[in-house]
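Subject: Structure handover

Hello,

Here is the structure I promised to pass on. Please open it alongside this message. My notes come after it.

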Amino acid sequence: MTLTPSIKREYIINLGRQGKRMDNREFHEFRNIKLETNVVKKAEGSARIHLGNTQVMVGIKMDVGEPYPDTPDSGVLTTAAELIPMASPDFEAGPPREEAIELARVVDRGVRESEVVDVEKLCIEPGEKVWILFIDIHILDYDGNLFDAASLATLAALYSTTVPAERFELGDDYPLPLREPPISCTSIKMDDIIIFDPSLDEELIADARLTVATDVNGDIRAMQKGLNGSYSKEEIQKIIKASVDNGRHLRELLKQTIGGK
Amino acid sequence: MSKEQRNVVLPSQELAPVGEKKAGRGTFVENGKIYSQHLGILNDRSGFLNVVPLTGRYSPVEGDFVIGVVIEAMASSWLVDINAPYPALLHVNEVPWTVDFGDTEKYLNHGDSVMAKVLQVDEAKKLNITLKDRNLYKIRNGNIIDVEPSKVPRIIGRKGSMISLIKQYTRARIFVGQNGRVWIDGDETGVAKVIQVIRLIEEESLSFGLTNKIEELLKNDTKDVQKK
Amino acid sequence: MKSDVELLTAEGKRLDGRSFDELRKVTIEAGVLHRADGSCYLEWGGNKVLAAVYGPREAIPRHTQNPLRAIVSARYNMAAFSVEDRKRPGPDRRSREISKVISDALERIVFTEEYPRASIDVNMEVLDAEAGTRCAALTAAGVALADAGIPMADIPVACASGKIGGKVVLDLGKEEDNFGDADLPVAIAPRTGEILLLQMDGHLTVDEFNQALDLAMKGCYTVSEIQKQALLHKYQDIAEEGT
């Protein structure tokens, strides 16, 4: 439905060949980020992010339930994403489309594989009762780069989460036990130009997209290539390096928001 | 130089009794009274009360110059998006080329942009546009940005004063479509400047002195086009 | 529905200290989203609602098109994290019913004949819930429609009243909604006082109903002023024109 005129695509790529972007950002530069936590009282943890004009809200809910049979001593983590119709004229109501599922699973992998949530500490009775953590990502306004917006908001929400032990008569409420966060960094490729934190205009003409989640040591925890273009090995290596660098800045921003950790 | 206090009205706001004034565009009449239909600006033209919406999609008017993006080439016509509630139809008879049946794709295809004119809006809101005018053509270069259709008059300025000012300093070629699409062509510094100024006009309230502010912005040798 | 929870103190004060005809705090902001044609963020007591409008735009799929007018398609949804016990994403029967009664209410005041074959899509998301979400959602939708420039005969507004401890009160809070005797959400077109939405569950005598309806409508008029202020606040700044 949203149609990008061909000349616009050419214009953006030509700008790119001269090292420029339509909003005057550097290729590796992220847009302005505003990150707030505790925006939903009913949730155990929550956050809202503005990444440029992209707006995402994440809520964390917790419940008590049975563990997975193969991990009887661990809490359960589950992530869902909704691309609700208000976020874009192209989003329709209905069951989650593949884009929503991909988004949820990529954010989930970053959280899970980085072990930022200490799931061992979420065990109540081994094999019987554990904490279940629901991460619900609500996309409110789509203006490019949902992956990073959702990821960052998810982390901020996690860091603001209080385990509702009192409600389940399991003692006093306490902050969710967490470790160092993974930071997701997304870039797109148009022709052979690679730019980070794509705006909507850039994302609409992208050939390929790569999301890299790195941890505090600069190690990789999750990756996802999207769209139907391709990358050379060298391009991927360059992207990884830039993602690690960007990861550091975003990690700082996250720490500032949650008040240091 | 006059400071005109604009009158913002809301839907359902009572404007005047039917005897005193006549009901113009954007209004409705009930029980002998004229009311506003929109969130908009009230104006009085020869006794007709009109409400010009402050927001909303483009409402096509016959004769408007618009920038369209082709959605689909069909057998003897094209379906064109002109940022209106409905797509517009461009018939092969309304283009300056001789197009054989089924050859439409050779001339205009999905993603191509055109400078067009609204030919007809019928009662069922079916839209037809034309390219048959010496100022109309298929756009080949430059960039297109979307702006709020309600902001178009401010971007153009009184008697084109704002747009002339921008052109003067940036040396860019600019065309503002009534449908909220702006075409810009020039060197990339100039084009970037134009976009920056237009976004400023869109965002800021047109407070007294905005024109000066824009003139300042245009005069400045901005360093924000970064080198790489 | 009755319980031992004391909803009214001996002095007749409500749990949160409000008097019987007092509304919770309502704040409204228009035009908060970038992509949507019109939008509104609203807080009502502990409720947080976001409403967005797209349209008029061609109705798709084609078989849903009405050749004579636009269809108003409203969708009410509660975010998974908006309630105490996490709600599974997706519309449940309650959400679908609320969506329908709100669509019906909105269709009455939109000048749909001006846009044949089109649809006006209204999306309401409850981000934080605390009783009275459908009234909050419809009220936000009204502002979002105006913000989108949709031609309307009025800006619809909703408010609920109910009965607790035998007394008719305005704008039920959470416990009052859970343990009270009746709940009456009402939406009106404030200019004419026409009732666009009316639902009731619980137990009311005819007299009590009349009292409750009056009270709810009074609440509607109060909130209607807040809606209008929100729109003027956003757009009146554009009202002054310089050279």
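Below are the notes, chain by chain and then by local feature.

First, a caution: this is a predicted model.

**Chain A**

Chain A has 261 residues. Its secondary structure amounts to 5 helices and 12 strands. The C-alpha trace spans about 60 × 40 × 35 Å along the principal axes. Does the radius of gyration of chain A agree or disagree with that of a compact globule? It agrees: such a globule of 261 residues would be near 18 Å, and chain A has 19 Å.

Burial comes next. In chain A, 59% of the residues count as buried. The accessible surface is about 10800 Å², and carbon and sulfur atoms hold 47% of that area. Take the contacts in chain A between residues at least 6 apart in sequence: 67% of them join residues at least 24 apart.

On charges, chain A carries 31 positive and 45 negative ones. The mean positions of the two sets are 4 Å apart.

One end of the chain deserves a look. Gly259(A) sits in the segment after α5 (233-258) of chain A. Is Gly259(A) buried or exposed? Gly259(A) has a relative accessible area of 60%, and the cut-off for exposed is over 50%, so it counts as exposed. From Gly259(A) to Phe196(A) the C-alpha distance is 26 Å, with their positions 63 residues apart in sequence.

**Chain B**

Chain B has 228 residues, of which 49% count as buried. Its secondary structure comes to 5 helices and 17 strands. The C-alpha trace measures out at about 55 × 50 × 25 Å along its principal axes.

The exposed area of chain B is about 11300 Å², with 47% supplied by carbon and sulfur atoms. Among contacts in chain B with a separation of 6 or more, residues 24 or more positions apart account for 58%. There are 31 positive and 29 negative charges in chain B, and their mean positions lie 5 Å apart.

**Aromatic pairs**

How many aromatic pairs does a search of the whole structure find? The count over all chains is 5.

One of them is in chain A. Phe91(A) and Tyr142(A) are stacked, at 5.6 Å centre to centre and with 15 degrees between the planes. What does this pair tie together? Phe91(A) is in the loop between β4 (76-83) and α2 (98-114), and Tyr142(A) is in the loop between β6 (129-141) and α3 (146-159), so the pair links parts of chain A that are 51 residues apart in sequence. Buried means under 20% relative accessible area. Phe91(A), at 7%, therefore counts as buried. Tyr142(A), at 12%, is buried as well.

Another pair is in chain B. Phe28(B) and Tyr35(B) are stacked, with 5.4 Å between centres and 25 degrees between planes. Both residues, Phe28(B) and Tyr35(B), are buried. The picture here reaches into chain C: ring pairs join Phe28(B), Tyr35(B) and Phe111(C) in a cluster.

**Backbone points to check**

Chain C has cis peptide bonds to look at. One runs from Gly55(C) to Pro56(C), with omega near 0 degrees. Pro56(C) belongs to strand β3 (residues 47-58) of chain C. Another cis bond goes from Ile60(C) to Pro61(C), again with omega near 0 degrees. Pro61(C) is placed in the loop between β3 and β4 (71-78) of chain C.

Positive phi values turn up in residues other than glycine. Ser12(B) has phi near 80 degrees. Ser12(B) is in the loop between β2 (8-9) and β3 (14-17) of chain B. Its relative accessible area is 8%, so Ser12(B) is buried.

Asp171(C) is not a glycine either, and its phi is positive at about 55 degrees. Where is Asp171(C) found? Its place is the loop between β7 (167-170) and α3 (174-179) of chain C. Asp171(C) has 3% relative accessibility and so counts as buried.

Best wishes

Definitions and conventions
Residues numbered from 1 in each chain as written. Chains lettered and ligands numbered in written order. Predicted model: local features only at pLDDT ≥ 70, side-chain atom pairs only at ≥ 80, totals over all residues. Heavy atoms only, no water. Helix = DSSP H or I, 4+ residues; strand = E, 2+ residues; numbered from the N terminus. Rg over C-alpha atoms; globule rule 2.2 N^0.38 Å. Buried < 20%, exposed > 50% of the residue type's maximum accessible area, 1.4 Å probe, protein only. Contact = heavy atoms within 4.5 Å. Areas by Shrake-Rupley, 256 points an atom, 1.4 Å probe, with all protein chains shown as cover. Lys, Arg positive; Asp, Glu negative; His and termini not counted. Charge placed at Lys NZ, Arg CZ, Asp CG, Glu CD. Phe/Tyr/Trp six-rings, centres within 6.5 Å; stacked < 30°, edge-to-face > 60°.
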